[in-house]
Amino acid sequence: MSEKFELKSPELRCICDPKIFKFKDTSEIEPLDKVIGQERAVQAIDFGLNMKSPGYNIFVTGLEGTGKSTIVKDIVTKHAKDLPTPNDWCMINNFKDAFRPKAISVPCGKANPFKKQMNKLIEDLKKRLPKAFEDESYQEKKAEIQKKYGDAQREMIKKLEQSAAERNIHIQRTQVGYQTVPMIDGKPISPDEFHKLSEDVKAKINEGMEAIQSELESTLREINKINQEAETVIEKRMQEVTLFVVKSRMDILRSEYPDSSDILSYLDEVQEDIVENVKYFMPPKGQPSGIEAFLPHAHKPSFEKYDVNVLVDRHYTQGAPVIFEANPTYNNVFGQIEKRAYMGTLTTDFTMIQAGSLLRANGGFLIMELESVLMNPFVWEALKRALQNKLLYIEDMVTGLGYGTASLRPQPIPLDVKVILLGSYNLFHVMQNTDSRFNKIFKVRADFDYEVARNEETIQKYAKFIARVCKEEKLLPFTPDGVAAIVEYGEKYIAHKNKLSLRFGPIVGIIKEADYWARKNNESLVSNTYVVKAFNEYRFRYNLYEEKMHESYAEDTILIDVSEKTVGQVNALAVYQIGDFSFGRPSRITAETFMGKAGVINIEREAKLSGNTHDKGVLILSGYLGRTFAQNYPLSLSISITFEQSYGAIDGDSASSTELYAILSSLSGTPINQGIAVTGSVNQKGEIQAIGGVNQKIEGFFDVCKTKGLTGEQGVLIPRANVKNLMLKKEVIDAVTNGQFHIYQVSSVEEGIEILTGKPVGQPDDEGNFPEGTVYGDVQKKLQKYLEKSMNLKKKFETDNNEE
């Protein structure tokens, strides 16, 4: 009865024939220079890179290990090489507002040379300007100006003195100004002598002194005007000399950057500031004393305001920049304003402003991991603002939050950058559903697949991929059977006979480990033997828990029967996951049926050990039982189902068919072959549905059967939809070939129960009755019995109540 459902050995694994490879080893073939099976993602990335409109930044999704980071870097780097290299960026002093420094765009690769040229210019002016003012022609002109205005002052004083003499008044110069002194007979008199004079004389002298005092004040005002005019003329002359010296040097710089409006504008501002503050270029007249000697910059003026702070220099950049920010903290992405400690305080200036990756990628591409971005405070919101406004603000994070001391506020920098974020499907869905601006900023999604169709082309690309890894990592070449083993590993990893895995991370790991074992054995090539050894050694390093659990089966600590026949008991199969390592092991499921109206009782659910998916699978059983056996009368029974010796949480619906088989066995009283384990979910129509981990489940049950002794009657019942997923290990296939183990495929509950019991399930007649001697006939008979007893008990209770 079960032979028609049994799978043959060739159906249990897809074998890659080494003969399809026409090389002796992978050193003879060209390494892979294209992407395998990621056409959708590659096209999306290419579209996003070439779209110039705002908002077409790229979000890349995919499972870990699909190589999305490497592929994205390669594609973006290749695309960027054909683009023009953007300008450099420098931070300069804002001479009008020192707290708002400005960033200027400098021709590509010229930032550091420009900084050196400015430093050399200032050093040169510090020497040239003092010499210019020491020049004989300047000194003569200055002396001429001073003599001219000095003569005018002396002439005014002379007239004042003459006017005073006429009134018997003497003008005396003191340290604090001028003083009027009365005279008698042409000689100044003392205050005592003045008081001895008659009142008429004193009145006349006072009158004269008041008149002269008025003239004196007027004269002093005129002298001050002359002094100011003299200073203005001298200062103007200094500016003319300064401008002549500075402009001659500046024009040399201007000629080197004729097309850079930012540099030309900056040079004009520097020239204007130097002309206005030329006195700071003069050597000090004396050493500071007292407390002045301890003040910052007391000994010499600071010329840092003329410095150029290079933020980004692209001298060695070819094409547009491509920046991968591995640690996207706020400072690393947006830049920072550093501080220096001085005398117990923190100071800063524009030379301490540092660029972040966003500015370094300006004019090109910035790649980041979304998870890392979200883990760093304030980065995501600031990034969205920068991309939407196309402006970059370099500022202290704490200052932006309203904390900290006053700091610089550099003017915003125009931003033209394409951001590529890497993340998982879950993160993408969260951001898309919770952030209203996400879809406006990241309009391009590139999904990386984790599998590709297995065909001649992709198999050959696998070989070229192995050749590329061997070349890049300097590994030993692989033989054709070694390549074939890697191809089969790719099939097994994805658990599909018609697919190959695109999660190259684990595959590269096996390639490297196979090379290690081959080198350890002094081999020059990596063959199938070392690929298998690498896989087995990897499993050995991780399977301690698996072995400990297996011991509990061998010692009957966990009760599993693999040879008898029992009513209401079936061996289910579960997968245990520990990181990337997974394995399967059987679990006993038992079902007890009895009179009542509670329906199906899930003991795991009652004990709060059942997950939502498992609960759903159990509830589906009631639908199938009702559909099959309750068309003519209601079900009146209670069913108790449990995973025996299970003490942890259980989830998933892959055991729902197993639970249904146990219920049907219990109701019909038909024993089930314990040598056949079962996996597969079921729907309300009794169709067996695909499950995950089919290979681990089969191999796990096989290991238990082998330990307890293979009888030739043992095997596993799997959904027909999972046949394509079979990539079993050689030991299981050999046992099937020798008739020691069996794999059965079923698509319905009816097919499965017949294999498990060896008894026909039965087909209902027009009235819905199943024939006797069948599994479902016995189930129906038991249900009718429960119903009749329930009705009789009900009548008896009603009669007893009436008599009372």
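**Exercise 1.** Is A495 buried, partly exposed or exposed, and what is its relative accessible area?

*Solution.* In this predicted model, begin by locating the residue: A495 sits in the loop that runs between α16 (480-494) and β19 (499-501). Next, turn to the backbone, where A495 shows a positive phi of about 55° even though it is not a glycine. Finally, consider the surface: the relative accessible area of A495 is 23%, and because buried would require a value under 20% and exposed a value over 50%, A495 is classed as partly exposed.

**Exercise 2.** Find the loop in which K390 lies, and then describe its backbone and its accessibility.

*Solution.* The loop in question is the one between α11 (379-389) and β14 (391-392), and K390 is found there. Although K390 is not a glycine, its phi is positive, at about 55°. Its relative accessible area is 39%, so K390 is partly exposed.

**Exercise 3.** Which residues have the most contacts inside the largest nonpolar core, and which helix gives this core its largest share?

*Solution.* The largest nonpolar core has 42 residues, and those with the most contacts inside it are Y661, L664, L717, V749 and Y776. Its largest share, six residues, comes from helix α22 (residues 656-668). Taking L664 as a worked case, and setting aside its neighbours within four places in sequence, one finds that L664 is in contact with L625, F629, V749, I753, Y776 and V779. Apart from this core lies another, of 40 residues, which includes F59, I337, L370 and A386.

Key: Residues are numbered from 1 along each chain as its sequence is written. This is a predicted model: local features need pLDDT of at least 70, side-chain atom pairs count only at pLDDT 80 or more; totals for chains, interfaces and linings use all residues. Side-chain values use heavy atoms; hydrogens and water are left out. Helices (H or I, at least four residues) and strands (E, at least two) are DSSP runs, numbered from the N terminus. Buried means under 20% relative accessible area, exposed over 50%, partly exposed in between (1.4 Å probe, protein chains only). A nonpolar core is a set of buried Ala, Val, Leu, Ile, Met, Phe, Trp, Tyr and Cys residues joined through side-chain atoms within 4.5 Å. Contact means heavy atoms within 4.5 Å.
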